[in-house]
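Trainee: I have a model open and some charged residues to go through. Can we take them one by one?

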Amino acid sequence: MNKNLFMNWGYKLMTVFVLFVLGILVMVYKASQFSSELVTTGYYEKELVYQNQIDAMNRSAALNEAVTVSYNGKYLIVKFPDMFRGVEIVADVELYCPSDKRQDRHFSQKTQFAGLELVVTDLQPAKYYVNVNWYQNDDHYFDKIELIWP
């Protein structure tokens, strides 16, 4: 009568229940250790003016040449279409890292040479988005380029 005392259905059910509760507690602990910061601050305000950005993206897509971004070890090089050479361009360049907002950088520059060289140092290897808001006269353009930092 004593041979299956610890293996009857009551003990099995209790063991499954205890393991389930322990699993839930482990998941709650791990979830509490995870950073849950928002991707960007001012999310709702940015959403309200997003239609202007859509118009700027469409204006950029209609150009014959696209904005290009490259990295040569020290400089982030932003090249605008050649049709804007000799014309003043005002550019806001944001280096946005989705995984760590401490790596984000922002630059504002004016140029007439259809290109910018921005000094970028002390960044960690990661995936970045280069958001280029640029203005020529009263026309607003926007380009978003993905960049894998070496």
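**A buried acid and the salt bridges**

Mentor: D143 is buried (under 20% relative accessible area, 1.4 Å probe, protein chains only). D143 has no salt bridge (a side-chain nitrogen of Lys or Arg within 4 Å of a carboxyl oxygen of Asp or Glu). The model is predicted: local features need pLDDT of at least 70, side-chain atom pairs count only at pLDDT 80 or more, and totals for chains, interfaces and linings use all residues. Residues are numbered from 1 along each chain as its sequence is written, and side-chain values use heavy atoms, leaving out hydrogens and water.

Trainee: Which side chain of opposite charge is nearest to D143?

Mentor: Lys and Arg count as positive, Asp and Glu as negative; His and the chain ends are not counted. The nearest side chain of opposite charge lies 10 Å away, and that is R59.

Trainee: Which side chain joins D143 in a polar contact of 3.0 Å?

Mentor: A polar contact is a pair of N or O atoms within 3.5 Å; within protein, one must be able to donate a hydrogen and the other to accept it, and residues adjacent in sequence count only if both atoms are side-chain atoms. The side chain of S60 is joined to D143 at 3.3 Å. At 3.0 Å, the partner is W134.

Trainee: Why does D100 count as buried?

Mentor: D100 forms a salt bridge with R102, 3.0 Å from N to O. D100 is buried because its relative accessible area is 18%.

Definitions and conventions. Buried means under 20% relative accessible area, exposed over 50%, partly exposed in between (1.4 Å probe, protein chains only).
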